[in-house]
Amino acid sequence: MLNYVVSGDAGICTNVDYLTIFRTAFNYSRYGTIRGRMNLKLTYKGEIYLNWDLTADEQLIRDTVREFAQEKVEPGASARDETGEFPWAIMQEMGKLGFYGLPFSEEWGGSGGSTISYALAVEEIGRVDASLGLGFAAHVSLGCSPVYLFGTAKQKEQYLLPAIRGDFLAAFGLTEPEAGSDAGGTRTFAERDEDVYHISGTKIFITNAKHAGYIVATARTDRTERHISSFVIPQGIRGLQVTANYKKMGMRSSETCEVFMDNVTVPHENILGEPGKGFHQFLDILDGGRISIGALGVGVAQGCLDASLSYSRQRKQFGKTLNHFQAIQFKLADMAMEVELARMMVLKAAWLKDQHRPFAQEAAMAKLFASETAMRAALQAVQIHGGAGYMNDFPVERFMRDAKLLEIGEGTSEIQRMVIARNLEPKD
Ligand SMILES: Cc1cc2nc3c(=O)[nH]c(=O)nc-3n(C[C@H](O)[C@H](O)[C@H](O)COP(=O)(O)OP(=O)(O)OC[C@H]3O[C@@H](n4cnc5c(N)ncnc54)[C@H](O)[C@@H]3O)c2cc1C
């Protein structure tokens, strides 16, 4: 039951129906004040709608991850981009610090299940190193989430708990040579043989797969269309081969792998959830993953803004620093506005997910807008840096190469637009 005290010029809106439009999750402080419509001043205790403040916990998590990112991640980001070195030691430390448990319940090794906190954490890592941000997001949203959402208690104990601790990473094998945007067209096949499945097929572009303790892989379990199931494939199992030979434009220190399964035999208990539910499962997983890729886009765009502000305050031409030229100021203003808008969209999608409300449309919009914001911000950041922006002495050329992936991975921009348009039509 809500507990409100209402005061203001009218005192006419004391009925609960009117007041309930202000309800929202507000757990930062038990008391607070908002100015609502009609200049009403509502003093409330409990929950209200429309509050833009982060909770104390969320602020603490954001600040902690920001500090970690600046101290531990940023210093080596450029060198890792050059060598392609995978930051395994940093990723292990992130697990120990509890970063991977942010969106999961305490029962399963998490810290309470806040998608908002998790999105803030991905943003802060992505702000200094998008490759590491991608590894983080793929581990949590694509690798851990399927086991968390659809796994049995035994599967969670065996796979999820160590993954959340950072003992190993987790990967999600959906994409195949013939099944990209149309992921339902998977050719990987799992043949049932009494209590086991024999799985054969190839997955491509799989993030984290070499350092993964397990890969959640989709496979057809019937000759009929879209009868797909998800399996937990443990690393090291006979018939599984993982290679990481791609030479990439960006995200160079993120691990991208090919996964070959040649008659990999797993017990029936390695299936996730019910047989044949894999198609709907991966749609759910991708909805959640889009929030994290959106958060990564916000991080990259913010990183571009940070670098551009700093450079424009130092670089002098025509006797003035660049930030005195209106042409540069307008670029900075547009970048700041889009970063803010993208962040709000990501946080709204995360908030809806935390409220257990439908969020697929908002997640697609947030992913689409934030990834395209990152790309635009990176282009402008390079422009603001002039020739220096084309050199790898500054992080903006790395951000530009990294940002491109955000418009492709976990559903291209074209696919996001299709999802959004489909959701605009009435449901059958
Ligand atoms: C670095 C990296 C990491 C990745 N990590 C993972 C991972 O961890 N797990 C995983 O499973 N996958 C992963 N992927 C794969 C990624 O999700 C796919 O690349 C992406 O979904 C696009 O599929 P595709 O590459 O086959 O492109 P295609 O589907 O071949 O698309 C090519 C072009 O056609 C467009 N197109 C396709 N269909 C339509 C349509 N119906 N209407 C209009 N346009 C269309 C696309 O938008 C795109 O522009 C990763 C990819 C990269 C590059």
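These legends describe views of a predicted model of a protein chain with a ligand.

**View 1. The whole protein chain, built from helices and strands.**
The model is predicted. The chain has 428 residues, and 52% of them count as buried. It holds 12 helices and 13 strands. Take the contacts between residues at least 6 apart in sequence: 71% of these join residues at least 24 apart.

**View 2. The accessible surface of the protein chain.**
This surface comes to about 20300 Å². Carbon and sulfur atoms account for 52% of that area.

**View 3. The shell of residues around the ligand.**
The shell has 15 residues. The closest are Thr175, Ser181, Phe205, Thr412 and Glu414. Sorted by class, the shell has 7 nonpolar, 6 polar and 2 charged residues.

**View 4. Backbone atoms beside the ligand's nitrogen and oxygen atoms.**
Look for Phe205: one of its polar backbone atoms is 2.7 Å from a nitrogen atom of the ligand. Phe172 also offers a polar backbone atom, 2.9 Å from a ligand nitrogen. At Leu174, a backbone N or O atom lies 2.9 Å from an oxygen atom of the ligand. On its own, the ligand has 980 Å² of accessible area, and the protein covers 63% of this.

**View 5. Strand S6 and helix H12 at the ligand.**
Strand S6 spans 196-207, and helix H12 spans 413-424. Each gives two or more residues to the shell around the ligand. Which element gives the largest share? That is S6, with 3 residues.

Technical notes:
Residues are numbered from 1 along each chain as its sequence is written. This is a predicted model: local features need pLDDT of at least 70, side-chain atom pairs count only at pLDDT 80 or more; totals for chains, interfaces and linings use all residues. Side-chain values use heavy atoms; hydrogens and water are left out. Helices (H or I, at least four residues) and strands (E, at least two) are DSSP runs, numbered from the N terminus. Buried means under 20% relative accessible area, exposed over 50%, partly exposed in between (1.4 Å probe, protein chains only). Contact means heavy atoms within 4.5 Å. Accessible areas come from the Shrake-Rupley method with a 1.4 Å probe; for residues, only the protein chains shown count as cover. A residue is near a molecule or strand if one of its heavy atoms lies within 4 Å of it. A polar contact is a pair of N or O atoms within 3.5 Å; within protein, one must be able to donate a hydrogen and the other to accept it, and residues adjacent in sequence count only if both atoms are side-chain atoms. Ala, Val, Leu, Ile, Met, Phe, Trp, Tyr, Cys and Pro count as nonpolar, Asp, Glu, Lys and Arg as charged, and the others, Gly among them, as polar.
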